[in-house]
Amino acid sequence: MTDPIPGDVPAGEGGADRAGEGVDRPGGESADATDGDVDPAGDEATHRVLAAPGDGRLRLLDRETYEPVVTADAGHGAPVADLRPGYLVDAELDWSTAEPTVRSASVVRPTLYAFGDDVDPMFEAARDAWNDARAAGDAVNSRVTRNTDSEVNGVLYVFAEDERNGTFEAFRDGIRPVEPLVDRVNEREGPAPREVFVLRPADGRFVAVTIALRKGGRFADTLRETYDLPRPDEPPA
């Protein structure tokens, strides 16, 4: 396997940049809109399922606009309870009510996102990447990760924490999309379900975004076990 290329990530003041800024519209996981008549109350597009707000509603990221959408807590025409954070879905939203509902949803790729705050200790590769960024005066750094046989098993990005706006929270809520990072891996390795971990250490100085190349692989399992992030139950494919 050739090394995935992390690539440059656009930087902003104090590390508060959005990972999606300055990046072309994703192509690796996009879906064409359906031809034909369109119901003006409906909106069919490819979305990423984000971490739930915690009040029973669903949070989605529109893959075309990079805008997060929070749905109503009831009244859906699709089994939204089966959708897990990280899933890529083709979803039709109904905007005829004050809060949109999901008319239909089909899973395109069951990638999983996991978020861990106040983790201790942060794994060594992330600490080293952050220390290298600080030494260079940078707010962002990236590298591949390897297993004990020196095989590439993931891609790691570190970002300076923003004390005012919260880099971790911005990734979790979709204000600062993880999408360009996932797209870059898919463009290099080919589209596949993966596991993405957004972690903030106990000292709160930076945020690590780690993309495990294999969903359910040893690297993803190790991160879940280390940081008590159990893999969610998933409906049968």
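Which residues do ring pairs link into a cluster? Before selecting them, keep in mind that the model in the viewer is predicted; the residues to pick are Tyr113, Phe115 and Phe168, which ring pairs join into a cluster.

Begin with the whole chain, coloured by secondary structure. There are 4 helices and 10 strands, and following the sequence from its start one meets them in the pattern β-β-β-β-β-β-α-β-β-α-α-β-β-α. Of the 237 residues in the chain, 47% are buried, and if a surface is switched on, it represents about 11700 Å² of exposed area, 45% of which is supplied by carbon and sulfur atoms. Among contacts with a separation of 6 or more, 64% are between residues 24 or more positions apart.

Next, show the aromatic side chains, for which a search of the whole structure finds 5 aromatic pairs. Select Tyr113 and Phe115, one of these pairs, whose rings meet edge-to-face with 6.5 Å centre to centre and 70 degrees between the planes. Tyr113 counts as buried because its relative accessible area, 7%, is under the 20% cut-off, and Phe115, at 18%, is buried as well.

Then move to Trp130 and Phe206, an aromatic pair that is stacked, with 5.2 Å centre to centre and 20 degrees between the planes. Trp130 belongs to helix α1 (residues 124-136) and Phe206 to strand β10 (residues 206-212), so this pair ties together parts that are 76 residues apart in sequence. With the surface still displayed, check both partners: Trp130 is buried, with a relative accessible area of 7%, and Phe206 is also buried, with a value of 2%.

Notes. Residues are numbered from 1 along each chain as its sequence is written. This is a predicted model: local features need pLDDT of at least 70, side-chain atom pairs count only at pLDDT 80 or more; totals for chains, interfaces and linings use all residues. Side-chain values use heavy atoms; hydrogens and water are left out. Helices (H or I, at least four residues) and strands (E, at least two) are DSSP runs, numbered from the N terminus. Buried means under 20% relative accessible area, exposed over 50%, partly exposed in between (1.4 Å probe, protein chains only). Contact means heavy atoms within 4.5 Å. Accessible areas come from the Shrake-Rupley method with a 1.4 Å probe; for residues, only the protein chains shown count as cover. Rings of Phe, Tyr and Trp (its six-membered ring) pair if their centres lie within 6.5 Å; planes under 30 degrees apart count as stacked, over 60 as edge-to-face and the rest as tilted.
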